[in-house]
Amino acid sequence: MKINIIQCKNLLTKSRLPEADYCINPYIGCLHGCVYCYSRFMKRFTGHIEKWGEFVDVKTNAPEVLEKELRSKPKKGVALLGSVTDAYQPVEKKYKITRAVLEILLKYNFPISILTKSDLVTRDMDLLKGFSDCDVGLTVTTLDRQTAKGFEPRSPSPQQKLKALEILHNAGIKTYGFIGPILPSITNLRSIFVALEAKVDFIMAESLNMKCGNWQDIQDLLKRKHPSLLSFYQSRFNRRYWDRVGEELKQLSEEFNIPLKGFYRH
Ligand code: SF4
């Protein structure tokens, strides 16, 4: 694992994502190293030669840069923390950049949304409770520990993520479950809805995107751990497949009375 200290020039960037106006990424790279990760395209812009998941750049001046950005020009909208990195990946324990960034955002009462795979987010509950507009999502793609370990090798277990959602929700913080990417024949939507019940305010979901440089890694993992699914994944799932998944999500959302805020398809 390679950890580099870097200085950033800007932090708050305009977002093209439907759920956010800005993105904040306190790190470049992500040590969670998910096999399906779409953010690996970031390697192109940073000159890293290491494998995705094996490097991280720590933007140690991120809080000062953000403070300057918010002070110089008032901005409106919602900032998503962690669009191409995980703001609560393991290095955050030591560097606390995300926590310092949150302190600045709280000072300006800037609306935020967090998406993470780590229960470390509960460390910052004291700050999160102070925001008037804030939600926190944890990604759950499967409830099976071993399967999760294969796809998300260095992220906390599904059970730790569920526990984090429960703690945040019980503390009065708005929470959501992010079911994404949905892994065909692996992600059991019903069992995830059951597990998320009474822990989240809404759900978001996303289809699996295999066109972003991740196919080789997905294929290698399937060969090793799920060989019977290999040819199914090679068929690349047509539109009708994802239409059916969308229908199932809608039905489950009604049955469990948990709003489905979005299903992103690639
Ligand atoms: S946690 Fe998110 S950013 Fe990090 S490797 Fe996994 S999918 Fe990519």
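A residue counts as near a molecule if its C-beta atom, placed from the backbone, lies within 6 Å of it. Keep that cut-off in mind for the ligand. The model itself is predicted.

Start at the ligand. The residues around it include three cysteines, Cys30, Cys34 and Cys37. His32 and Gly33 are also in the shell. So are Ser39 and Gly53. Further along the chain come Thr85, Asp86, Lys117 and Ser155. By class, this shell has three nonpolar, six polar and two charged residues.

Now turn to the sheets. Strands of a sheet pair through backbone hydrogen bonds, either parallel or antiparallel. One open sheet is built from eight strands. Their order is β2-β3-β6-β7-β8-β9-β10-β11, and the pairing is mixed. Which strands stand at the edges? They are β2 (12-14) and β11 (260-264). Each has a single partner strand, so one side of each is left without a neighbour in the sheet. Neighbouring strands of this sheet are turned by 25° against each other on average, with direction ignored.

Look inside this sheet at one pair. Strand β3 covers residues 22-24, and strand β6 covers residues 79-81. The two pair in the parallel sense over three bridges. Tyrosine 22 stands opposite alanine 79 in β6.

Another open sheet has three strands. The order is β1-β5-β4, again with mixed pairing. Here β1 (2-6) and β4 (27-28) stand at the edges. Each has a single partner strand, so one side of each lacks a neighbour in the sheet. β1 pairs with strand β5 (residues 55-59) in the parallel sense, over five bridges. Isoleucine 5 stands opposite valine 58 in β5.

Next come the helices. Two packed helices are described by the angle between their axes and the distance between the axes. Take helix α2 (residues 62-72) and helix α4 (residues 97-107). Their axes come within 9 Å and cross at roughly 20°. Angles under 35 degrees count as roughly parallel, so α2 is roughly parallel to α4. The crossing of α2 past α4 is right-handed. From α2, the contact draws on Ala62, Pro63, Leu66, Glu67 and Leu70. From α4, these residues meet Ile97, Ala100, Val101 and Ile104. By class, the contact has eight nonpolar, no polar and one charged residues.

Compare helix α8 (189-196) with helix α11 (residues 239-256). How far apart are their axes? The axes lie 10 Å apart, and the helices pack at an angle of about 30°. α8 and α11 are therefore roughly parallel to each other. Their crossing is right-handed. Leu189, Arg190 and Phe193 in α8 meet Glu248, Leu249, Leu252 and Phe256 in α11. This contact divides into five nonpolar, no polar and two charged residues.

Finish with two backbone details. Most residues other than glycine have a negative phi, and most peptide bonds are trans. Where does the chain depart from this? The peptide bond from glycine 180 to proline 181 is cis, with omega near 0°. Proline 181 is found in strand β9 (residues 174-182). That strand belongs to the eight-strand sheet, where β9 stands between β8 and β10 in the order. Serine 185 has a phi near 65°, a positive value in a residue other than glycine. Serine 185 lies in the loop between β9 and α8.

Conventions: Residues numbered from 1 in each chain as written. Predicted model: local features only at pLDDT ≥ 70, side-chain atom pairs only at ≥ 80, totals over all residues. Nonpolar A, V, L, I, M, F, W, Y, C, P; charged D, E, K, R; others polar. Axes fitted to C-alpha atoms, helices over the stretch in contact; angles between N-to-C directions. Helix = DSSP H or I, 4+ residues; strand = E, 2+ residues; numbered from the N terminus. Parallel < 35°, antiparallel > 145°, perpendicular 65-115°, else oblique. Left-handed = near helix turned anticlockwise from the far one by under 90°. Contact = placed C-beta atoms within 7 Å. Pairing = 2+ DSSP bridges.
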